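Biologist: I have the sequence and the model open side by side. Could you walk me through it while I ask questions as they come up?

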Amino acid sequence: MAVKQLILINGTMGAGKSAVSNQLLRLLAPSVYLDGDWCWNMNPFVANGENKAMVLDNIAYLLRSFLSNSGYQYVIFCWVIHQEEIFEEIFSRLEGMEYQPVKITLDVSPGALCQRLLGDVRAGVRQEDVIERSLARLPLYEKMDTVHLDVSRRTPEEAAQWIASFVQEGDGTCG
């Protein structure tokens with residue numbers, strides 16, 4: 001069997017990581033999908049050192065389990081990873097595992113991001129303060145050492161199709 005692929009999808013809040021990952025799960029088989037936000041689903045939400053360490057421990061445990069499982073070729077992981085150090089921390093916790101990482105950033109224009117987030121606010125999915133916080137993070141993603149995919153005018157299905165082709169063919173370009 002070929003080396004497993006760990007597909008890491010990052011981008012700012014509202015870029016479409018979860019929607020794209022759900023579509024990608026349907027396109028790549030056999031695959032499994034983990035959203036890093038699931039490990040933060042707590043009430044009240046407290047982003048202190050203890051909880052950050054716990055979340056990274058939980059993510060690493062699940063990724064190690066998925067990578068060890070013979071039933072999966074593709075492990076899809078999405079999260080708001082806005083610093084290279086977060087990738088490095090995750091990879092350090094996966095030492096000894098055999099896998100090929102594929103890091104993909106979903107880039108989105110400020111206008112498209114605002115439209116998406118406003119829709120989420122109206123639907124009651126997000127709080128309005130997320131718009132300013134997400135827009136402020138956009139420049140951080142431009143610097144990421146990843147494959148960049150502009151999703152400003154792509155549907156989640158189109159983005160997932162592009163990623164699936166990129167992963168399966170490994171052509172190394174971004175459209």
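Modeller: Gladly, and please keep in mind throughout that this is a predicted model.

Biologist: Let's begin with asparagine 10. Which strand is it in?

Modeller: Asparagine 10 belongs to strand β1, which covers residues 5–10.

Biologist: And is asparagine 10 buried or exposed?

Modeller: Asparagine 10 counts as buried, because its relative accessibility is 0%.

Biologist: What does the side chain of asparagine 10 reach?

Modeller: The side chain of asparagine 10 comes to 2.8 Å from the backbone oxygen of isoleucine 81. Leaving aside residues up to four places away in sequence, asparagine 10 touches a set of residues that includes Trp79, Ile81, Ile104, Thr105 and Tyr141.

Biologist: Which strands does β1 pair with?

Modeller: β1 runs parallel to strand β4 (residues 100–107), and six bridges join the two; β1 also runs parallel to β3, again with six bridges between them. On the β4 side, isoleucine 9 stands opposite isoleucine 104, while on the β3 side leucine 8 stands opposite phenylalanine 77.

Biologist: Staying with β3, how many of its residues are buried?

Modeller: Six of the six residues of β3 (residues 74–79) are buried, so this strand is largely enclosed by the rest of the structure.

Biologist: Which way do the β3 side chains point?

Modeller: Tyr74, Ile76 and Cys78 point one way from β3, whereas Val75, Phe77 and Trp79 point the other way, and all of them are buried. As background, side chains in a regular strand alternate between the two faces of the sheet.

Biologist: What pairs with β3 besides β1?

Modeller: Strand β2 (residues 31–35) pairs with β3 in the parallel sense over five bridges, and there the bridge partner of leucine 34 is phenylalanine 77.

Biologist: Now going the other way, what sits beside β4?

Modeller: Strand β5 (residues 147–150) pairs with β4 in the parallel sense over four bridges, with histidine 148 in β5 as the bridge partner of threonine 105. Valine 147 also lies in β5, and its C-alpha is 4.7 Å from that of isoleucine 104, although the two are 43 residues apart in sequence.

Biologist: Why is valine 147 classed as partly exposed?

Modeller: Valine 147 is called partly exposed because its relative accessible area is 21%, and the cut-off for buried is under 20%.

Biologist: Switching to helices, where is the kink in α5?

Modeller: In helix α5 (residues 129–142) a kink of about 25 degrees lies at alanine 136, shortly before proline 139.

Biologist: Which α5 residues are buried, and what covers them?

Modeller: Val130, Ile131, Ser134, Leu138 and Tyr141 are buried in α5, and what covers the buried residues of this helix includes β1, β4, α4 (110–122) and β5.

Biologist: Histidine 82 caught my eye too. Where does it lie, and what does it touch?

Modeller: Histidine 82 lies in the loop between β3 and α3, and it is classed as buried because its relative accessible area is 17%. Leaving out residues up to four places away in sequence, histidine 82 touches Arg137, Leu140, Tyr141 and Met144.

Biologist: And glutamate 85, buried or exposed?

Modeller: Glutamate 85, which is found in helix α3 (residues 84–92), is exposed, with a relative accessible area of 51%.

Biologist: Different topic: how much space lies in the largest pocket?

Modeller: About 1100 Å³ of space lies in the largest pocket. The lining of this pocket is made of 29 residues, of which Met13, Asp37, Trp79, Val80 and Arg126 lie nearest its centre. The elements that give two or more residues to the lining are α1 (17–27), α2 (49–68), α3, α4 and α5, and the largest share, four residues, comes from α5.

Biologist: Last one: where are the cis peptide bonds at alanine 29 and asparagine 43?

Modeller: One cis peptide bond joins alanine 29 and proline 30, with omega about -5 degrees, and proline 30 lies in the loop between α1 and β2. Another joins asparagine 43 and proline 44, with omega about 5 degrees, and proline 44 has its place in the loop between β2 and α2. For context, most peptide bonds are trans.

Note on methods
Residues numbered from 1 in each chain as written. Predicted model: local features only at pLDDT ≥ 70, side-chain atom pairs only at ≥ 80, totals over all residues. Heavy atoms only, no water. Buried < 20%, exposed > 50% of the residue type's maximum accessible area, 1.4 Å probe, protein only. Polar contact = N/O pair within 3.5 Å; in protein donor to acceptor, adjacent residues only side chain to side chain. Contact = heavy atoms within 4.5 Å. Pairing = 2+ DSSP bridges. Bend = angle between axes of the 7 residues up to and from the residue. 1 Å grid on protein atoms, 1.4 Å probe; cavity = no way out; pocket = protein on both sides within 12 Å on 5 of 7 lines; lining within 4 Å. Points joined across faces, edges and corners; volume = space filled by probe spheres on them.
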